[in-house]
Every structure is written in C-alpha cells, then in structure tokens.
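Visitor: I'm new to this structure and would rather get to know one piece properly than skim everything. Please pick a single strand, look at it closely, and then show me what else is around.

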Amino acid sequence: MRLRFWISFLMLFSLLAGVVSAESPRDGEPFDWSEQTCVIWPLKNDAPDLQTVISLGDWFRLHAMSGRPGVRFVLNNIALSGIRTVWFRSVGGGWATYPSDVRDVTIRRAADTAMNCQVIDQPKEAVAFAHKLGMKIYAWFPPLEEAHAWPGNSRSRYVDLHRDQWDKTIEGYPSGMPSFFFKQYRDYKLAIARELLTKYDFDGLVLDFERQGAPYRSDKCGYLPRIMDAFQAETGKDPRALRQDDPDWRRFRASHVGKFVQSVRKMIDSLDRPVPLMMMYPPDDPLTAHWDVMEWDRKGYFDSYAFATHGPSNEGWESPTDQADRWILEAKKLRRPVTLIYYSAGPKIENLRHRIRQGLQAGFTSIALFESTHLFWNRRFCVPLSLAAPYGAMIRSPELDFPGGGRIVVSSAGKWRLTLDAPDGKILAQGKPHRRDVVELPPMKGKHALVFTCEISRNASTAGLAAEGWAVDSQGGRRAIHTDASWTAKGKNVTLTTIGQPGIPPFGMETQVDQGGEK
Amino acid sequence: MTTHRQIRGLLVCLLLTGFVGPTRAEVYLAHDPAWAGYWIWGPAKNTPAIEIDLSAWLRAHPGGWGKPLVRRILGNAVSVGLRNVYWDMTDAEGRLLYPAGDSANVRRWGNWGVDFGKTDMPAVAVETAKELHQNITLVASKTLHEEIRKRYPAVKIILPESVPQNALSGVEITRENLGALGKYQNPHAQYFRKTFDVTTPVQSAELCITAMQPYRVYLDGKLIGSDATWQDGETYDVTKRLVVGKHVLAVEVKGLKKPSWPAGLIVNLRWTDHQNNTRLVVTDPTWRRTESLNKNQPGWSQPEFDDNVWKSSVVVGVEGTGERFLRLGAPWGNPRPLLSSPTCDDMLITDVRVRAEKDPKHAKALMDRGIHDTHSRRWSCRGLPATIDMELPRDELVGGIRLYSGWLRYTYAPSGPGEVKRFRLLAMVAGTWTDVCKEQVTPPYRREYPLSTYYFETFFQPVKSNRFRLILLESHDAGKRFSNLGKEPLPAEERWCNLREIELLRTETP
C-alpha cells in the first residue's frame with residue numbers, strides 16, 4: 001500500500017516536473033519570433049461578418065503610432081479579436097494619407113513631427129500585412145471631404161484652387177466645397193478612387209457619404225445659379241420657390257454626385273481584379289442633395305451598403321441606436337447586403353454587446369465597429385471576439401517526427417496545456433496567458449502531433465496560440481516547427497485560422513501594454 | 001566607369017530639362033509648418049533628469065517608431081521643462097539599441113517591424129534634443145564607449161551608474177502623464193520683450209501669436225491683441241504700426257493656475273518691404289524675459305524700457321513635437337481688429353463679471369476662461385431673450401461694443417446658426433438701467449475668404465458706468481443642429497444663441 005502510494009507520488013511528481021518544464025527563456029538569450037510563425041485560433045463558421053476601421057490619425061495622437069510598427073501593431077490587435085475585414089482611412093478630410101500622384105491632391109504631412117504620408121506609405125504596409133494575416137482590407141474614402149477632425153483645415157489643394165466651382169448655400173454664401181455638378185471635380189475624385197485601387201491591392205472600396213464637410217451637412221447646398229438654372233431648364237421649376245428638401249430638387253442635385261458614383265462603378269468594372277464597392281450613409285436620409293440611395297441601388301452602382309446609425313442627440317452623436325428592427329426594414333428595401341455600424345466610444349462593453357446582439361437578432365449578418373482606438377484602449381475587442389471565436393480550443397499540429405527531441409517557444413492569449421498525441425498522452429507543459437515559455441520536447445519514437453488545449457478568459461480582447469521551435473530528427477538535424485495554417489482545431493462548426501503574428505505587442509512579448517481606460 | 005558617366009550625364013540632362021521627379025508644385029503637402037521659431041518660456045527649477053530606455057518605452061506604449069516617436073517623447077518632455085535627457089544605448093536585457101557592429105545582439109522585433117540595427121534612434125534623439133535645446137547624454141557600459149564615441153562623436157557618454165538617482169523613467173513621458181509632469185515647469189507669469197529694427201518701408205505686416213495661457217501682446221507699448229486659448233493662432237495686421245525704426249514686441253503671458261499644463265508662447269511677425277523682401281521676427285532664446293516685473297515700472301512694454309537685467313528665454317518646444325503643441329492650427333487667416341489705436345493705449349476691458357439669467361453655468365465658464373475667442377463654444381443659451389450682466393472693476397467711459405459669435409475658425413463655412421441677430425446694450429446710470437444704444441441688428445457673418453466677417457461692432461455716445469447689461473433678443477438660428485431641413489423654424493424661445501467673446505470698448509482719451 002505504502003509502495004503504491006510512493007509510486008503514485010513519484011508519477012505525480014514526474015508529471016509536475018513535466019509541467020514545470022515550460023520555462024521562460026533564459027535572461028540574455030536573444031529571441032525573436034520567426035516571420036513564418038502565425039498566431040492561430042479557431043473561428044466560428046457561423047460568426048457574423050465582423051469589420052472595423054483604421055484611422056491612423058487617431059492612433060498617431062496616442063503614442064505617435066505610424067509607419068510599419070504602427071500599422072502592424074494596430075492590425076495585429078484587430079485581427080487577434082477575430083475581426084477579418086478592416087477599412088483603412090485613405091483620405092482624411094481632403095488630405096490623402098498616402099503618397100498620391102493625383103494632381104492637386106493634398107498629402108497629409110506634419111513636417112515637424114516627421115509624420116509625412118508622402119514618405120511613409122502606410123496603406124502599402126497595411127495592405128501587405130492585412131493580407132499576410134489573411135484579412136480583407138478596404139480603402140475608406142469620404143468623397144465629400146469631411147472635416148470633423150480637422151475643422152476648417154483639411155481641404156484639398158483642388159478645393160482651394162477651384163473656387164469658381166464652389167457651391168453656394170441657400171443663403172447665398174459660398175459653401176467652401178466644389179459641386180459635383182462640375183465634371184472636373186468629379187474626375188478629380190474619380191482619379192483618387194482609381195489610384196487607391198490600382199496603386200494598392202485593396203480588397204474593396206468604401207465610399208463614405210456620412211462624413212461631410214460642415215457646409216455640406218444639409219440640403220442647404222446646390223444654390224449655385226448654374227445649378228439652379230439647369231434644374232429650371234430641365235423641370236421648369238424654380239428651386240428658389242421650392243423647399244430645400246423638395247424631392248425633385250434633392251434628386252436633381254444628387255444626380256451629379258450619382259455621375260461620380262457611376263464613373264467609379266465603371267472604373268471598378270474595368271479593373272483586372274474588380275473589387276466590391278460599398279456605400280456608407282445615414283439610413284434615415286436615403287435621399288438628400290448629395291445622394292439618392294434608391295436610385296443608385298436600382299442602377300446597381302454598389303455591391304453593398306453600410307448604415308451609419310446615430311443615436312438620439314442627448315446620447316451623443318457617436319452612440320448607436322437600439323433600433324436595429326427599424327434599420328433592418330430599411331435594409332430590406334435595398335437589393336444588396338447591408339452592414340450595420342456600431343460606434344465603440346460611447347457605450348459600455350455590456351451595452352455594446354447588447355446592441356450588437358439586437359442587430360444580429362434583427363437579421364443583420366455584417367457588423368462594422370467604428371473607433372478602433374476605443375476598441376483597443378478600452379478593452380472592447382472582447383465584444384467582437386465573443387462573436388467570432390470560442391473561448392476554448394483544442395489545437396493540433398501536423399504529425400511530427402522528433403526522435404531526437406526538440407524545443408519550442410509557446411505563447412498564448414489564455415491558459416494552455418500541451419500533450420502529445422500518444423497513448424499515454426501525458427501533459428508535457430502548461431503555461432499562463434501572455435508569457436513566452438520554452439518547452440523541451442522529449443525524444444519520441446514514431447510520429448506524433450502536439451496537442452494544445454487552450455482557454456481564454458471571457459473578458460479577453462485577444463485570442464490565439466503561437467509556437468515555434470524545432471524537432472530533432474534521427475540524424476540530429478533540426479526541422480522547424482511553426483504554428484500555421486497546417487495545424488487543425490478540434491470542434492464543431494469552427495475552422496482554424498491564422499489570425500495574427502506573435503512578436504507584436506502584447507502577443508508573445510512578455511510585456512503588459514498599458515491598455516485601460518479612455519484615451 | 002563609362003556606363004556610370006553616361007548615366008550621370010543622362011541624369012544631369014534630365015534634371016536640367018526638368019524631367020526627373022515631380023516638381024514641388026505637384027506634390028502639395030498639408031501642414032507644412034505654419035509657425036517658425038520656438039515656443040519659449042521661463043526656465044524651470046530643480047527639474048529631474050529623464051532616462052529613456054526606448055526598448056522599455058516601446059513595450060509599454062507600442063506602435064510608434066522613428067522620428068515621429070522620438071520627436072513626440074522629447075517634445076513632451078521639454079514642454080513641461082524636462083531638459084536633461086539620458087538616452088540608454090542598451091536595454092534591460094543587454095540588447096543594443098543602436099546599429100552596432102555586433103549586430104547579433106541588437107534589439108529587433110522582426111514581425112513588428114522594429115529594428116534598432118536599421119534605424120539609428122540615438123542619432124534621431126541627438127538631433128531632436130539639439131533642436132529642442134535639451135542636454136542629451138548617452139548611457140552605456142564601459143566596453144561600449146569606444147564604439148559609441150566613434151558613432152556619436154560629439155555626444156557625452158556616461159556609465160549607467162552615473163545616471164542621477166532621481167531621474168524619471170522615460171516610460172513616464174506620455175500624453176497621459178503630461179498633467180502630472182506639469183508640476184516640474186515654471187508656473188509663474190512671464191513678460192517677454194524683443195527689440196528689432198525695421199530698415200525699409202513696410203508693404204504689409206502680420207503678427208501671428210498664440211500662447212498656452214492667456215496673453216496680451218503689445219507693439220511699442222500699444223496693446224495689439226489678447227487671447228485665452230492656444231489651439232488657434234491669432235493674426236493681427238500691423239502694417240500701419242510698423243514704420244521704419246526701432247520697435248519692441250512685448251508679451252505678457254499669465255502663469256499657470258495649477259501646474260498641470262504645458263506653458264509657452266510662440267510669436268511670428270512677418271513683414272514684406274517695398275522691395276518684396278520678407279522679414280521675420282520669431283520667438284527664440286534671444287527674447288528677453290522676466291517673471292518679476294517691477295510694479296513701479298509700468299513702461300515695460302515701451303521701446304525705451306531697459307531690459308538689460310532681464311534674462312534669456314528658454315525653449316519649451318517646436319511646433320508639433322509635443323503632445324499639446326501637436327494640433328495647433330495655422331495662424332488664423334482673418335486678421336483680428338487691433339485693441340488699441342495710435343492715440344489710445346488700451347481699449348479693452350477684460351476683467352468683467354458675467355451673469356446670465358439663463359444657463360448661468362455657461363456664463364460662469366465665460367467669465368472664468370476670459371472673454372476670448374476659441375474654436376469651441378464658450379457660452380450659449382437655449383431660449384431667447386437672454387441677459388448677460390457685466391460688472392467692471394471701476395467706472396469706465398465705454399463707447400463701443402464688439403461681439404464675436406458663431407464659428408470663428410471656418411473661413412469658408414456658411415454663417416453659424418447661433419450667431420446673434422438682435423441685441424440691446426444697457427448701462428447702469430444713476431441707479432437705473434439705461435439704453436446706451438438703440439436695438440442693434442447684426443447681419444449674418446460673411447464667409448467669403450478673405451473678406452469674411454466674424455464679429456459685429458457698434459459705437460455709441462460714451463457712457464460712464466461699471467455695470468453693463470447685454471440683452472440678446474434673437475439669433476440667426478432657425479432650428480436644430482446644422483439645419484432645420486425645411487421644417488418650420490423653431491420659436492425664438494427654443495433657439496440657440498452663442499457668444500464667444502465680448503469686447504467693451506473704452507472711448508479714446510481726448
């Protein structure tokens with residue numbers, strides 16, 4: 001009896017000894033994750049289509065995030081939350097945030113911070129890295145030159161040079177923006193759209209009509225005499241005698257923007273690699289002086305839409321509404337699918353989660369979360385993660401041959417346990433979240449798979465497992481081991497996906513990124 | 001060799017004919033620095049040094065790299081008076097943080113795109129510190145000194161144990177910590193003077209200025225302008241004041257109410273003479289400065305004042321390098337009216353107490369922050385009429401009023417919806433409220449740069465009093481938010497009215 005006790009004790013001890021064999025890398029030992037290693041995790045097959053946005057200007061304000069490290073940091077953290085599509089802000093206000101060659105475009109630059117979009121080609125970095133992570137990345141382009149973040153200070157050079165094309169308000173004041181009534185202005189905007197899709201390998205183009213310069217924010221525009229005369233010649237009606245929201249008068253003004261949209265459609269159709277064209281607009285206003293959604297939908301200009309829904313004014317303009325039932329009715333009027341946009345800055349995590357749930361129950365299958373800075377700094381990436389991925393996973397490597405043993409470095413977003421796909425299946429090692437641990441693989445006969453059982457917490461913002469190292473074959477040679485797409489995940493209705501890269505904070509860095517509270 | 005010569009010859013040929021590369025005119029970059037010179041202030045006392053381990057900084061605050069990051073960190077430091085920088089050449093794990101010969105030991109995170117072997121971050125730091133007038137010292141173990149000295153020959157190198165014990169960790173130099181770090185800077189009001197000569201007749205002259213605290217700027221002793229917000233620079237047309245001869249720009253900037261905010265002043269005076277030569281006077285360390293102005297010497301802003309005993313200013317920033325200075329707008333295009341005439345020193349009365357019947361909370365804010373322009377709303381009321389009472393410290397002979405309302409910053413936007421349309425001004429005379437001018441009707445602002453208007457002024461028979469009452473009767477607002485979208489206008493009691501600045505104008509002394 002006593003002997004049996006000691007045998008059991010020794011077995012337990014050896015098991016524990018195996019467990020503690022996962023140790024942190026020795027001090028002073030250089031380690032850098034391989035480019036081939038991916039962060040992997042199963043994603044739910046029935047998860048909604050989750051999207052978010054990147055405005056690097058917002059991220060730059062925090063810790064000067066820019067360039068390759070900035071782009072990779074932001075994209076990686078988005079990807080680790082299970083989001084698979086991002087919109088990359090390519091034009092902010094009237095300023096291109098990329099090295100544009102379009103004549104009279106303005107390129108964003110702050111010379112004294114050395115933040116220069118002429119030199120730092122962020123879309124190039126973003127597209128390349130998003131594709132490396134298996135994400136889709138859309139160019140996000142507000143053609144109405146919105147200026148909410150840069151009041152009065154972000155007009156393009158074209159606008160300054162072509163005051164003769166400036167629209168007028170109903171009061172007779174210059175609106176400060178050219179009118180799409182002028183073909184030259186439409187061509188200028190088209191050139192930007194074309195450049196975005198030909199210079200970069202974007203997977204889609206979002207035309208954002210929700211963002212408008214202050215003078216454009218209403219039906220007050222379009223009162224340039226030439227425009228009014230053209231309307232009068234066409235309809236026999238004098239706009240001055242009509243209300244500014246008269247449907248015919250609205251439609252006429254919107255038709256000029258429509259010509260621009262039509263030209264974008266044609267341009268995309270002529271590309272070697274046509275990509276989807278999305279329209280973002282506030283759904284409570286399907287017809288304004290600047291857009292005519294039903295008409296454009298009938299003509300098939302767009303492949304999809306995104307509803308920018310704002311809450312009541314006392315809730316702050318960035319708050320989403322709880323009116324998904326209402327918006328689904330609007331969505332059903334359209335022939336193409338609709339993404340519902342939620343704003344992340346206002347609501348608490350639980351409210352955001354609740355609202356998105358309402359949207360999904362109403363019938364939306366595509367959700368876009370705005371304000372990715374708030375998603376990150378306020379740990380709200382836990383919301384998309386809860387929709388996209390399971391909290392636990394059993395992940396298995398391909399069959400490996402390591403008669404001479406081996407060594408791997410492991411990092412995970414949650415607790416993990418490593419066993420071998422062997423009859424005894426004993427635990428080789430286990431570890432805690434967001435550490436970097438080293439596991440010595442014992443020499444084994446035959447082929448075996450590494451089996452990781454992982455678990456992330458319910459409030460986690462990132463998922464994922466990364467491991468890399470080598471197996472020693474019978475001749476003493478080393479064969480690389482990497483977590484990548486060749487690994488598999490056990491579970492119903494999930495697919496193992498390469499969702500990120502290790503070695504980008506905080507994943508696999510043995511470091512805590514300051515990530516709490518409103519920034 | 002021949003091939004090289006041929007290629008070089010071809011390049012020279014192309015350059016001469018203008019076929020190589022885009023011209024400057026075709027590449028139009030936004031935000032070229034609109035401001036020249038430095039932000040200046042008084043020196044801070046007993047400030048600690050900072051030690052910056054960029055490897056640790058990156059791990060705590062990831063995402064930045066290269067010049068933008070270094071300029072941000074050092075810019076933030078100098079903006080709160082931290083001038084002594086110790087720059088670590090190795091991190092806590094002994095990785096080298098510069099492009100060293102022993103490249104295997106250089107810190108790099110390949111997937112992240114951070115590689116100290118490819119980007120010479122200490123060189124960027126040395127260059128930036130020089131520009132910001134900071135003292136930078138490299139920190140490394142003895143074995144590395146020789147190599148580092150060769151690489152950065154003009155920079156002092158010390159051992160890690162020689163870094164002052166009380167040095168702040170560079171990781172603390174962040175946007176969020178600026179408030180806490182503000183305690184290190186000089187909190188006192190500052191007085192600045194710059195003497196300069198105008199040698200040829202002036203064709204046009206603009207003074208652009210802003211400060212982190214409320215300022216008053218004088219040219220040759222005459223008040224030019226005053227403002228309380230830093231986000232937008234003010235522009236003043238001083239063409240008529242800048243005659244040939246010696247001049248003095250003098251600026252008074254208030255101290256910090258609580259030391260949680262960077263301090264600083266930036267001034268750009270540009271003029272063009274009749275030969276179209278442009279001249280520039282900008283803030284830099286040569287500006288004379290004091291914070292202990294002798295009350296018995298009121299002429300400190302006058303040209304003849306002797307500022308020899310005053311000290312030099314110190315640099316607290318270059319526009320854009322620090323957090324607080326990052327989003328400073330370009331000098332506002334529309335010149336503001338000057339606050340003095342050639343015969344009158346000071347027409348502005350700023351120290352008023354404000355009470356509004358409606359929305360008293362906002363009225364208080366108006367008073368606390370000074371009655372000055374801003375790009376954000378300072379005082380607004382919903383529902384008209386509204387009353388604002390202004391109490392002056394003493395009886396003044398007031399002969400005019402200037403009202404700033406609506407959006408000031410949009411030089412191209414249509415008139416703001418909350419602008420004042422009708423108002424009355426009363427004064428307390430012999431115990432009764434008396435109309436000092438008839439009811440005024442103000443047209444909407446004209447937004448047609450460069451002819452935009454953004455204030456309304458009217459003059460009247462001067463009245464002596466210390467209490468004035470402004471009654472806002474109607475605004476140009478017709479509805480909600482940006483537009484009423486064709487709906488019926490709201491009744492007056494539901495409309496908004498905004499006021500950004502009130503100036504009561506003292507009559508000119510005979």
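**A strand and its surroundings**

Guide: Let's start at Phe192(B), whose bridge partner in β18(B) is Arg289(B). Before going further, keep in mind that this is a predicted model. Its scores are ipTM 0.89 and pTM 0.84.

The pair we just met belongs to a link between β10(B) and strand β18 (residues 288-290) of chain B: three bridges hold them together, and they run antiparallel. Strand β10, covering residues 190-198 of chain B, is also joined to strand β15 (residues 245-253) of chain B. That pairing is antiparallel too, with nine bridges. For a spot to find on screen, look for Asp197(B), which stands opposite Lys246(B) in β15(B). If you want to follow the side chains along, a general rule helps: in a regular strand they alternate between the two faces of the sheet.

Now step back to the chain that holds this strand. Chain B has 29 strands and seven helices. Its length is 510 residues, and 44% of them count as buried. The chain also brings far-apart stretches of sequence together: take the contacts between residues at least 6 apart in sequence, and 76% of them join residues at least 24 apart.

Gly37(B) gives you a single example of that kind of long reach. You'll find Gly37(B) in the loop between β1 (28-29) and β2 (39-41) of chain B. Its C-alpha atom is 6.0 Å from that of Asp284(B), although their positions lie 247 residues apart along the chain. Leaving out residues up to four places away in sequence, Gly37(B) touches Ile266(B), Asn268(B), Val282(B), Thr283(B) and Asp284(B). So is Gly37(B) buried or partly exposed? Being buried takes 20 or more C-beta atoms within 10 Å, and Gly37(B) has 19, so it counts as partly exposed.

The loops of chain B have a couple of backbone oddities worth a stop. Asn276(B) has a phi near 65°, a positive value in a residue other than glycine. This residue sits in the loop between β16 (265-273) and β17 (278-282) of chain B. Asn276(B) counts as exposed because just 7 other C-beta atoms lie within 10 Å, and the cut-off for exposed is 12 or fewer. Ala430(B) also has a positive phi, near 50°, and is likewise not a glycine. Its place is the loop between β25 (420-429) and β26 (432-441) of chain B. With 6 C-beta neighbours inside 10 Å, Ala430(B) counts as exposed.

How far should you trust what you see in chain B? The average pLDDT is 79, and 73% of the residues score at least 70. Some stretches deserve caution. Residues 1-25 of chain B stay under 50, and the model gives them five contacts beyond four places in sequence. Residues 480-486 of chain B also stay under 50, with 15 such contacts in the model.

Let's finish with the partner, chain A. This chain has 13 helices and 28 strands. Of its 519 residues, 53% count as buried. Among its contacts between residues at least 6 apart in sequence, 78% join residues at least 24 apart.

Chain A is divided into domain 1 (22-38 + 391-500) and domain 2 (48-388). Taken over C-alpha atoms, the centres of these domains are 42 Å apart. Where they meet, domain 1 of chain A gives ten residues to the contact and domain 2 of chain A gives twelve. On the domain 1 side of that contact, the residues divide into three nonpolar, seven polar and no charged.

For a helix in chain A, try α3 (residues 67-79). With 13 residues at 1.5 Å a residue, it should span 18 Å, and its end C-alpha atoms are 18 Å apart, so the two values agree. α3(A) is mostly covered, with 13 of its 13 residues buried.

One last stop: a cis peptide bond joins Pro505(A) and Pro506(A), with omega at about 0°. To find it, look at the segment after β28 (494-500) of chain A, where Pro506(A) lies.

Note on methods: Residues numbered from 1 in each chain as written. Chains lettered and ligands numbered in written order. Predicted model: local features only at pLDDT ≥ 70, side-chain atom pairs only at ≥ 80, totals over all residues. Helix = DSSP H or I, 4+ residues; strand = E, 2+ residues; numbered from the N terminus. Contact = placed C-beta atoms within 7 Å. Expected span 1.5 Å × (residues − 1). Domains from an automatic or database assignment. Nonpolar A, V, L, I, M, F, W, Y, C, P; charged D, E, K, R; others polar. pLDDT = per-residue confidence, 0-100. Pairing = 2+ DSSP bridges.
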